[in-house]
Every structure is written in C-alpha cells, then in structure tokens.
Amino acid sequence: MAGRCNIRLLVLCVSLTVFNCVASTEVCTNSFLPGAKGDQGKVGEEGDQGSLGKNGRPGPPGALGERGLQGEAGRTGKMGPMGDEGDKGDPGLDGPSGFKGKPGTTCDCSRYRKVVGQLDVSVGKLSNAVKFVKNVILGLMETEERYYLLVKEPRRFREASVNCKLRGGSLAMPKTSNTNRLMADYVSQAGLTRVYIGVQVKSKDTDGAGSYMFADSSPLQGFAAWGQQQLLNPVVSPNNTSSCVELLSTGTWAHADCEAAMFFMCEFPKSRRRGGGRGGRG
C-alpha cells in the first residue's frame with residue numbers, strides 16, 4: 001500500500017512539473033516571439049502642413065542663356081550741357097562777285113572841310129576858355145593826373161586837412177621833383193612864402209627821431225625836399241609840436257608848428273580817362 005502511494009505521489013509530482021514547464025513555455029513564447037502578421041490597416045487621414053524648413057545652400061550657377069531680342073528705343077533724354085567751342089574752321093571758298101553798283105555822286109569836299117575847320121577853331125576856343133576858368137578864375141594848377149588848389153584861408157594843419165577832404169581832395173603831396181616845383185611856383189605866383197602840404201610825422205622812435213609820411217599814409221620814398229637846416233637837425237622832439245611840414249616858395253620843405261594858422265594847398269585827382277584807370281601821380 002505504501003509503495004503504491006509513493007508511486008502515485010511521484011506521478012503527481014512529475015505531472016505537475018511537466019504542466020509547469022508547459023505553462024512556462026507558453027508564457028515565454030508569448031513574451032519573446034513575434035506573432036503572426038496582421039492584415040494591412042486603413043490609410044490614415046492627411047496630416048497638417050508642416051512648418052517651412054530652412055533655405056538650402058544655393059545651387060551651382062546655371063548655363064548662360066541665349067541672348068534676348070533687342071528692345072524698343074527708349075524716350076529721348078534731356079539735352080546735355082553745351083560743349084566747349086571747337087577750333088576755328090578753314091575759310092570757305094570765295095563767293096561769286098556781286099553786281100556792279102551805281103555810280104556815286106560828286107562830293108563837295110570843300111564845304112565839309114570848311115565845317116570841320118570851324119569845329120576845330122570852336123574846340124580850341126572852348127579849351128582855352130576852360131583853361132582860363134581853371135587857371136585864372138578858380139586859381140587851379142594841374143598836371144596830367146591832378147588838379148592843385150591854393151586855399152588862401154588861414155587854418156591850423158588839422159583844420160586844413162579836413163577842409164581839403166570836404167572839398168573832395170586831400171592836402172597836396174609833392175611826391176616828385178616836378179610836382180614839387182609846380183607847387184612852389186604856384187605859391188610864388190600867388191605872392192606867398194609858405195603853405196601847409198600833406199606831410200606829417202606819424203610815429204616817433206625811442207631816440208626821438210620822427211618818421212614822416214604823406215597824407216595818404218604812404219612813406220617818403222625816393223623824394224624829399226628838406227632844407228639845409230632840416231637836414232642838419234632831422235630829430236623832432238616828442239614834446240615839440242613842430243611835426244607838420246610846410247612848402248616854401250623856394251621849393252624846400254621845413255618843419256612847421258601844427259597849431260600855427262597858415263594857407264594850404266589841396267590836390268584833386270582827375271576823372272578816369274576812357275580806356276584805362278588812373279595813372280600815377282604827376
């Protein structure tokens with residue numbers, strides 16, 4: 001009895017072991033082995049459009065295309081600036097001679113010569129009359145470029161300078177020996193001995209020597225007519241008022257007291273001549 005029970009227990013254990021193995025095999029098979037291929041599924045619906053991707057690299061340049069047809073002519077543009085004047089061309093051929101003119105009338109030249117002669121006489125008389133007015137009535141002297149007027153009104157130097165400017169001129173400035181001689185003769189013919197002229201000390205050095213200049217602020221260069229006494233004593237004291245200049249009837253210059261009242265001479269430039277400006281001083 002006991003042996004049979006053991007055999008049955010043994011069979012039961014073997015059966016359980018086999019069953020467990022079979023069960024374990026199914027579990028392993030389901031977990032690791034793929035199943036049979038299923039049927040094809042239905043096509044899904046079209047999805048939404050995706051976002052735009054980045055630009056790719058530019059491709060290689062293509063082959064040169066064929067030349068296109070010539071287009072229509074455009075509209076006429078604006079006129080450009082005028083160019084430079086060209087070279088003078090060669091003279092053309094002589095044209096044909098004109099028709100012969102009608103004979104002229106005989107000229108009565110003697111009558112025209114008489115008229116021209118009368119005009120020359122009249123112009124001469126007028127010139128003499130003008131010269132008489134300037135030299136006798138107005139008392140003017142003149143050079144080729146300037147008029148000179150002797151003013152017989154005693155004035156101090158500064159007042160005389162202002163008076164000449166009010167008349168449209170300046171104190172006379174003898175810048176050449178010829179002009180100086182003409183002015184001296186003018187003074188002598190008027191019966192005077194001295195007059196103010198446009199020369200004055202403008203600055204003084206540390207040693208007291210004065211620097212003389214003309215009324216137009218130009219320096220004394222090339223000409224001066226100082227007397228012997230002034231040449232021996234050219235220094236003008238800073239405290240001395242003798243810093244002005246007078247012209248003597250002898251033609252020499254001398255120091256003069258600027259506060260002394262005496263006659264003076266003015267000069268006036270002549271009008272510009274046709275075809276040129278004013279020339280140098282007379």
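**A tour from a strand pair to a pocket**

Begin by selecting E6 and E7, two strands that pair in the antiparallel sense over four bridges; the model you have open is a predicted one. E6 covers residues 244-248 and E7 covers residues 253-256. Within this pair, pick leucine 247 and look across to E7, where its bridge partner is tryptophan 253. Four residues lie between the strands of this hairpin, and glycine 251 there takes a positive phi near 100 degrees. Now colour E6 by burial: four of its five residues are buried, so the strand is largely enclosed by the rest of the structure.

Next, keep Trp253 selected and add Val195, Tyr196, Ile197, Phe264 and Met265, because these are the residues that touch the most other members of the largest nonpolar core, which has 37 residues. Among the elements that each supply at least two residues of this core are E2 (146-155), H3 (157-166), H4 and E4 (194-204). In soluble globular proteins, nonpolar side chains tend to be buried together.

Move on to H4, residues 177-189, whose 13 residues reach 18 Å from the first C-alpha to the last, close to the 18 Å expected. Its buried residues include Leu182, Met183, Tyr186 and Val187. Just after H4, stop at glycine 191, which takes a positive phi of about 80 degrees.

Finally, turn to the largest pocket, which holds about 320 Å³ of space. Of the 20 residues that line this pocket, select Phe157, Arg158, Ser161, Gln200 and Lys202, the closest to its centre. H3 gives the most to the lining, with six residues, and by class the lining has nine nonpolar, five polar and six charged residues.

Notes
Residues numbered from 1 in each chain as written. Predicted model: local features only at pLDDT ≥ 70, side-chain atom pairs only at ≥ 80, totals over all residues. Heavy atoms only, no water. Expected span 1.5 Å × (residues − 1). Buried < 20%, exposed > 50% of the residue type's maximum accessible area, 1.4 Å probe, protein only. Core = buried A, V, L, I, M, F, W, Y, C linked by side-chain atoms within 4.5 Å. Pairing = 2+ DSSP bridges. 1 Å grid on protein atoms, 1.4 Å probe; cavity = no way out; pocket = protein on both sides within 12 Å on 5 of 7 lines; lining within 4 Å. Points joined across faces, edges and corners; volume = space filled by probe spheres on them. Nonpolar A, V, L, I, M, F, W, Y, C, P; charged D, E, K, R; others polar.
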